[in-house]
Amino acid sequence: MSGKRHHIVPRLLQKGFASRIQGKTVLTWLYNKKTGVSKTDLSTKDIMVSENFYGKKGSLNVDDEITNIEEKKLTPLINSLRNMGCNFAESRNEIAELIAHFSIRTKFIRKSFETASSKMLKGIRDIATDEHTIENVFLNPPPTFIKEQADVFLSDPKNKEFLEPALQIFELFGITKNQVGDLLSEITSSELKNEETKDEFKKIIQGQFADAIDKSCDLIPNSIREGHIKSLSKNAIPLTRVEKYKQLNWNVYEVESPLILGDVACIFREEGDNLFKSSCDIDKTGQIYLPISSNQILIGTLESEEIETSVKILNESTAKCSYEQFICSEKTQDKIGLIELIGINSYLASDEEIEFELDDIRNNLEKIIFEKGS
């Protein structure tokens, strides 16, 4: 994975899904949400790869560290799992490290945070720029709040140079600094309620919120990219996940028909839930599935959970949990049919969950408005 072209799902894992091998070149079929199935099988060198995904040389970069983890930890373990030579009881910690690493390095993690953050900010933008919100919250603040802001303004050392002469003039008329604050708050309250100036204030507030949030939305992709790389540099194998995942019972199961490998690598089930997810709350993890070859899948499960071994269900679930693509050792009509399922369950927070949080914000604002009016 060294150089600019970083593999989001490592070639060592993709190798198990080879359609054919020519010398040192491993080829497989790529199924993509936007472009469909590849015209021919492709080299894993060019699959699930993104330029400088783990950082650029000369800046924050975890490419070398991840390559080192792959070579020294992951490759020997995956080979052992495929060869059925793994002692699962003794290798419980190493398997947990493998899953913990795969669960945080994928494009799905980064893009899901981007999508959720962008939707949340745009929802807040709509709430903050709504005329009802502006009029009842921002243009009708409690008098104590206005007074506090006036006092802060008068006491700020940055304002001392131009305020000092004016305060001295007020003192000549027997008006103290505190009384000036009272006067400012009264004028401000009056102006906010003035019908002639209210519309102008609304436009100013709407513009300020819209500009601030739009600028924040523009910064999201780069901020999350940097945050993801920084997180990986500090902890490429999160110990919290390792501690949870090593509590599961691990085994490799063989299947008769070809499995697919998604760009999320692992798929998860929460305790007592049959729905597969791209990720789940660590403490609620009931099962984890990682296809390691076309006919082998590594499964970790709590004793109370029933294992899913239907290839049809596993492949459909993997496609749904994949962010944008999956690979397979064969090109068949049933695999092509899975393309339309890609991304259905690939999210950290659903639209419904985001809307629930936004509704909570709206309800809290309504409470503020109601309390003011009562």
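This is a short dialogue on reading a sheet, a core and some salt bridges in a predicted model.

Student: Let's start with the sheet. In what order do the 5 strands stand?

Tutor: The order is 7-12-11-9-10, in an open sheet with antiparallel pairing. Strand 7 (249–254) and strand 10 (276–277) are the edges: each has a single partner strand, so one side of each has no neighbour in the sheet. Strand 7 is joined to strand 12 (residues 296–301) by 6 bridges, and N249 stands opposite T301 in strand 12.

Student: Now the core. Which residues of the largest nonpolar core touch the most other members?

Tutor: The general idea is that nonpolar side chains tend to be buried together in soluble globular proteins. Here the largest core has 51 residues, and L13, L81, L290 and L298 touch the most other members. Helix 3 (residues 92–105) gives the largest share, 6 residues. Another core, of 10 residues, lies apart from it and includes Y31 and F326.

Student: What does L13 touch, leaving out residues up to four places away in sequence?

Tutor: Its contacts are I78, R82, F102, L261, A265, L290, P291 and I292.

Student: And the salt bridges: how many does the structure hold?

Tutor: There are 14. One of them pairs D214 with R125, with the closest N and O atoms 3.0 Å apart. D214 lies in helix 9 (residues 195–234) and R125 in helix 4 (residues 107–128), 89 residues apart.

Student: Is E270, which bridges to K277, buried or exposed?

Tutor: Buried means under 20% relative accessible area, so E270, at 16%, is buried, whereas K277 is partly exposed at 24%.

How values were computed. Residues are numbered from 1 along each chain as its sequence is written. This is a predicted model: local features need pLDDT of at least 70, side-chain atom pairs count only at pLDDT 80 or more; totals for chains, interfaces and linings use all residues. Side-chain values use heavy atoms; hydrogens and water are left out. Two strands pair if DSSP finds at least two bridges between them. Helices (H or I, at least four residues) and strands (E, at least two) are DSSP runs, numbered from the N terminus. A nonpolar core is a set of buried Ala, Val, Leu, Ile, Met, Phe, Trp, Tyr and Cys residues joined through side-chain atoms within 4.5 Å. Buried means under 20% relative accessible area, exposed over 50%, partly exposed in between (1.4 Å probe, protein chains only). Contact means heavy atoms within 4.5 Å. A salt bridge is a side-chain nitrogen of Lys or Arg within 4 Å of a carboxyl oxygen of Asp or Glu.
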